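Here is a short tour of a protein model, going from its interior out to its surface. Please keep the structure open while you read.

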Amino acid sequence: GTSIYTTITCFKEKEFIKATMSDKEIENFLALKPIRKGRKEGGNFYVWTLFFSICAFSGMRPGEVANLKIDTVDFGRGVFILEDTKTNTPRYVPIAPTLLSALTSHVKKCTDYLFPSKQGGTYKGVVFDSVDWGYNFHARLKRLGIKRKNISTYSLRHSFITRWAGEDINIFKIQRIVGHQNIKTTSGYMHLVTKDLTKAMNKDPLARAKLPLYERKKMFRELAFKLLEDFA
């Protein structure tokens, strides 16, 4: 019969599949603008955009992003220095080039934490917490019409790991960046990669024959370049 371990593993994989977001969904999510209904909204919306952007382009846990300080952003080496992590193991996380402009501008406005939690000008906590990011994350999902139940702020992290796994990046490098204590946790994401499956589907002769001429030419060019790279 099926072991309990196998059952749990299959369940987790199903949950992870539902919990990831497509590249387009993430792009649309981060591109949202504030809604103005007869009153001017503050700049906090754009602070949340930066918060979610760091989650999306670093693979960090939301709590790790919330606890970033000015002195943990090392622009010289191009890394975030994480000292307070879930596994209690400090690590470096590369700063994605797409974050540099907004991050540089934001850091200049900070005195200590990058994301201090404020409500009506009064601190209600030290930094953004799960209630803060959960509310703001799902408010954006609602505007985009995304209704999958398993989507959460952690989906930005799951999607990051899945993207990197799909690019054949060394699994140990991914483990170091995202801070998994066990390599088995990282390897679990390999089952979610669909890029190779899509390529395999495109090799189906019957399906390929039904493609428009320009699509067939495109596939031929990609194959030719791949062959040239293999012989280079």
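## The nonpolar core

The largest nonpolar core has 41 residues, and those touching the most other members are M21, F51, F52, I54, F80, L103 and F115. Two or more residues of this core come from each of α2 (23-31), α3 (44-58), α4 (62-66), β2, α5 (100-107), α6 (130-144), α7 (154-166) and α8 (171-178). The most generous contributor is α3, which gives 8 residues. As you will know, nonpolar side chains in soluble globular proteins tend to be buried together.

Please bear in mind that this is a predicted model, here and in the sections that follow.

## A buried charge network

Now for the charged side chains. The model has 4 salt bridges by the rule used here. Opposite charges on side chains can pair when the charged atoms come close.

Which residues are joined into one network by salt bridges that share partners? They are R61, E64 and R91. In the pair of E64 and R61, the closest N and O atoms are 2.8 Å apart, and both of these residues are buried. The salt bridge between R91 and E64 also has its closest N and O atoms 2.8 Å apart. Because R91 lies in strand β3 and E64 in helix α4, this pair ties together parts that are 27 residues apart in sequence.

Is R91 buried or exposed? R91 is buried, as its relative accessible area is 9%, and E64 counts as buried too, with 4% relative accessibility.

## A link across the chain

Another salt bridge brings together the side chains of E25 and R148, at 2.9 Å from N to O. Here the partners sit in distant parts of the chain, 123 residues apart: E25 belongs to helix α2, while R148 is in the loop between α6 and α7.

The two partners can be described by their accessibility as well. E25 has a relative accessible area of 17%, so E25 is buried. For R148 the value is 35%, which means that R148 is partly exposed.

## A negative patch on the surface

Let us finish on the outside. Which residues form a negative surface patch? The patch is made of D71, E83, D84 and D112.

One of these, E83, can be placed in the loop that runs between β2 (79-82) and β3 (91-94). With a relative accessible area of 59%, E83 is exposed, because the cut-off for that class is over 50%. The loop holding E83 thus lies between β2 and β3, and β3 is the strand that holds R91 of the buried network.

Methods
Residues are numbered from 1 along each chain as its sequence is written. This is a predicted model: local features need pLDDT of at least 70, side-chain atom pairs count only at pLDDT 80 or more; totals for chains, interfaces and linings use all residues. Side-chain values use heavy atoms; hydrogens and water are left out. Patches are made of residues with over 30% relative accessible area and no salt bridge: like charges are joined within 9 Å, nonpolar side chains (Val, Leu, Ile, Met, Phe, Trp, Tyr) within 5 Å. Accessible areas come from the Shrake-Rupley method with a 1.4 Å probe; for residues, only the protein chains shown count as cover. Lys and Arg count as positive and Asp and Glu as negative; His and the chain ends are not counted. The place of a charge is taken as NZ of Lys, CZ of Arg, CG of Asp or CD of Glu. Helices (H or I, at least four residues) and strands (E, at least two) are DSSP runs, numbered from the N terminus. Buried means under 20% relative accessible area, exposed over 50%, partly exposed in between (1.4 Å probe, protein chains only). A nonpolar core is a set of buried Ala, Val, Leu, Ile, Met, Phe, Trp, Tyr and Cys residues joined through side-chain atoms within 4.5 Å.
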